[in-house]
Amino acid sequence: MTEPAVATADLRYKRILLKVSGEVLMGEQGFGIDMNTVKAVAEEIAEVAQMGVELCLVIGGGNIFRGLSKAAVGMERSSADYMGMLATVMNALAMQNALEQLGVDTRVQSAIQMNAVCEPFIRRRAERHLEKGRVVIFAAGTGAPYFTTDTAAALRAAEMNCDALFKGTSVDGVYTADPKKDSAARRYDTLSYHEVLAKDLKVMDASAVSMMRDNSIPIVVFSIRSDGALRDVVHGRGTYTVISE
């Protein structure tokens, strides 16, 4: 039992919420869940969890259905958003399965009650799971339409008293422009919440950034696709952008 204490001695963050977009789970596919990609992300998460980091997740649903998408054209917004919430539950169950195959105890808590497949969201129960070393995946967003999974991630990070909100993307930080389209784009090492909002940088929704500012929780943006990136960032190494005061 002494091994985790040694492993966590040089960690910069002890409790984190990791936000992963649903699109990450598509891999090279154009739609759905690529289980090889899910397994690769799960291995990154498992490595960090086994070091003693208390880790919770919010996974988007854009790989299956998004309320604000072409697939939802003509639908009433609330119904479309609820469908998106159900998509996040599917992704959460896929990630839970991958993590448990790696020997990581995992619980899925849903903001929409569905007792046959996961627990309801109960903050104190979630905190107890984290204290016991379990990974907790928060599904179904906030449970209400008109809120994105970015906002749900910010809300859960605040409720769980996380040291940071990690945003796992396909690029290694926040850039002045899309680095995939603009070779002159440069990466920011640090940004303030105000700069993100004033420059309208598309890191997270404005409501999510504002919530993190109000609770003084830094946002760390890094590439979840890079091997070992999550491990490096929790130690304060590697390439990433930190958004804070």
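**Note on strand E5 and the nonpolar cores**

1. Strands E2 (54-59) and E5 (135-139) run parallel and are joined by three bridges. Strands here are DSSP runs of at least two residues (E), helices runs of at least four (H or I), numbered from the N terminus; two strands pair if DSSP finds at least two bridges between them. In this pairing, Val58 stands opposite Phe138 in E5.

2. The model is predicted, so local features need pLDDT of at least 70 and side-chain atom pairs pLDDT 80 or more, while totals for chains, interfaces and linings use all residues. Residues are numbered from 1 along each chain as its sequence is written, and side-chain values use heavy atoms, without hydrogens and water.

3. E5 also pairs with strand E3 (residues 106-110), again in the parallel sense, over five bridges. Here Val108 is the residue opposite Ile137 of E5.

4. Five of the five residues of E5 are buried, that is, under 20% relative accessible area with a 1.4 Å probe, protein chains only. Val135, Ile137 and Ala139 point one way, Val136 and Phe138 the other.

5. The largest nonpolar core (buried Ala, Val, Leu, Ile, Met, Phe, Trp, Tyr and Cys joined through side-chain atoms within 4.5 Å) has 43 residues, with Ile45, Met95 and Phe166 making the most contacts inside it. Elements supplying at least two residues each include E5, E2 and helices H2 (35-49) and H3 (77-101). H2 gives the most, seven residues.

6. Leaving aside residues up to four places away in sequence, Ile45 touches Leu18, Leu55, Leu57, Met95, Leu99, Val135 and Leu230 (contact: heavy atoms within 4.5 Å). A second, separate core of 29 residues includes Phe138, Ala158, Leu191 and Ile243.

Definitions and conventions: Buried means under 20% relative accessible area, exposed over 50%, partly exposed in between (1.4 Å probe, protein chains only).
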